[in-house]
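Q: I am new to this structure and would like a close look at a single part of it. Could you walk me through the salt bridges, with a word on how buried or exposed their partners are?

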Amino acid sequence: MATNILNIGRSALAAAQVGINTTGHNIANAATPGYNRQVAVQGTAQPQNFGFGFMGQGTEISTVKRVYSEFLGSQTRSAQTSKSGLDSYYAQIKQIDNLLADPASGLSPALQGFFSGIQELSSNPAAIPSRQAALSSAETLVSRFQSLAGRLDEIEQGINSQITSSVNGINSYAQQIAQLNDTIGRVQSGNGQPANDLLDQRDQLILDLNKEIKATVVKQDNGHYNIFIGNGQPLVVGVNTYALSTAASPTNPERIEVAYRTAGKTVVVGESSLVGGKLGGLVEFRSRTLDSAQNALGRVAIGMADTFNAQHRLGRDLNGNPGGDFFTLPSPVVGANSANTGDAAISASIGNVNALTTSDYRLQYDGTDYTLTRLSDNKTFPSGALPQTVDGIEFSLASGAAVAGDNFLIRPTVNGASGLAVAITDPAQIAAAAALPVTPVGTSAAGANAGDVAIGAATVDSSYTTPLAAPVTFTYKADPVNGDGFVLSTPVTVTDAGAPPTTTAYAAGDIVPYVEGATISFGGISSVLSSPTGTAPADGDSFTVAANPFGVGDNRNALLLGALQTANTLGNGTTSFQGAYSQLVSQIGNKTRELEVTSSAAGKLLSEAQLSLQTESGVNLDEEATNLLRYQQAYQAAAKVMQIASEMFDALLTIGR
């Protein structure tokens, strides 16, 4: 019996020692990242039948388990990947928000300065200093466009570097998890007991992996974890890893894409498959914000320069020559997929800046037809054959032939800001004068028209391609038979000022009735008829429209150039240059604020998830101190039981002697 008591005491002593060891291990790792509290699982030993009944044989430790909730762990991983993704996105977009909205270094002051220079020029069009100041303000505007575009390019290069770094980190985590899978599998299969500390290390690695990208965990019966990312691509399967890599985009060599290595091949992973974590945030920022910001800035540059060029070409410079292009513009960027097997070369040109969007386009060939897709909304434009025009862009086959499966990426405005330049260097070449003066040629004694009807300054549009060879005269005749009106030697159209306006065509020699505020147009030339008193012209009043032989002192085209500042020339006539830029700044600002708020909310969710997990699995030092005292007392009591058993055994030996 004494021997039985001694064994019971010994088992109690061993159980208390295990409890003290476990508690000490918890205390020692209270600050270890990813550590989960461990507890000794204690039970009664197998009792023994002594005939009069079963007698207990003490206690035994069945295992030491870690306190861990798979559900709370999964919630924490999910919250972590959301928080990391939002933080990554926010950190990047904040740079663009600060860049574009800066009141000193943004585009708005440069645009204002440029048009202020044009307006000053219109006040003194013959002065070379005024012309030089306008040219300098144009150089400043171009420099600001290029500076902003360069900073966006730097951000893009930074994204490339961060994507590479993130991919390397993901591969490193995958290798470590696979190694732990191997070790845990061998250890647990050997003795059937959980490898608690190794399990904690693996769970912490998976949590760290979710900081980089959203990872799905599938637990296997042998203790291994299989890890999947994206749309189910395996990253870790048992002890095997499937590494990610980086590769240049097949349609844009300057862009780094995430690729997947399998079966000896490298396949680019679709951006929609990379969600969550730092990597997902970087990819989402680039595709949803950075690309559109570059395109939007380029659209403003192209729209401003193209519209300004069109009006500038309609004027006359200081030497009397027709105005040329004021700005030089880059062409749309066309990238052929590196996997194309045909030799087709696609060209794209901008035909109507008013219709431009901020989207990129993908052109695909299926062996018979071409299909164009606008990537911003994935709208398709089946065309069958080229050429075709979509959103103001003209797509055509420049040379060669496409093969089924060939595709091309067209970026119409991406280089609009970086490729912008001032085309003229001589201030005298600024076409401030109008191409056509209007001169009253009356028959009154004073040599002027007798009536007070005036024809406004003649303006020209893009259809005015051939300079006026001979003057055109408007002569008013009072004809009681055929009706009063102007007689012209050229066909004209007259558009009244009604709402909606009505346009009437007249042949050469027809009598054109006088209509207050009407516009007479011919050959790309337009003039407005008006009278301060609202009366008809006098018989014999006439006006001559002729080519402008010189540009000194004439500011009419400069006024039209300055008016472009507030004209709605972008977005199908819905916004101005400044308005389009303000839309970009607003969109970036709103998205930045949205991310700031959602990131803060995600941070609170993560904190709550971590708190719930720590409440379940974390080490409470006060609780462990209490357990330590409890196990210490149990250890002392067990030692006392063994002491009593020893004394009883000694007494039996004494009786035997």
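A: Happy to! Let us begin with a term: a residue is called buried under 20% relative accessible area, exposed over 50%, and partly exposed in between, using a 1.4 Å probe and protein chains only. With that rule, Arg 288 counts as exposed, at 58% relative accessibility.

A few notes on the source will help. This is a predicted model, in which local features need pLDDT of at least 70 and side-chain atom pairs count only at pLDDT 80 or more, while totals for chains, interfaces and linings use all residues. Residues are numbered from 1 along each chain as its sequence is written, and side-chain values use heavy atoms, with hydrogens and water left out.

Now to the bridges themselves. A salt bridge here is a side-chain nitrogen of Lys or Arg within 4 Å of a carboxyl oxygen of Asp or Glu. The count by this rule is 21 salt bridges.

One of them involves the exposed residue we have just met: Arg 288 meets Glu 284 in a salt bridge, at 3.2 Å from N to O. Glu 284 is partly exposed, with a relative accessible area of 30%. Both residues belong to helix α6 (residues 277-312), where they sit 4 residues apart, about one turn of the helix. Helices and strands are DSSP runs numbered from the N terminus, with H or I over at least four residues for a helix and E over at least two for a strand.

Elsewhere, salt bridges with shared partners join Glu 156, Arg 255, Glu 257, Glu 271, Arg 286, Asp 291, Asp 360 and Arg 411 into one network. Let us look at three of these members.

Arg 255 forms a salt bridge with Glu 156, and their closest N and O atoms are 3.9 Å apart. This pair links distant parts of the chain, 99 residues apart: Arg 255 is in the loop between β9 (244-248) and β10 (256-262), whereas Glu 156 is in helix α4 (residues 128-191). Arg 255 counts as buried because its relative accessibility is 8%. Glu 156, at 7% relative accessibility, is buried as well.

Arg 255 also has a salt bridge with Glu 257, where the N to O distance is 3.6 Å. Glu 257 has 10% relative accessibility, so this residue counts as buried too.

To recap, the salt bridges of Arg 255 include one to Glu 156 and one to Glu 257, while Arg 288 pairs with Glu 284 in helix α6.
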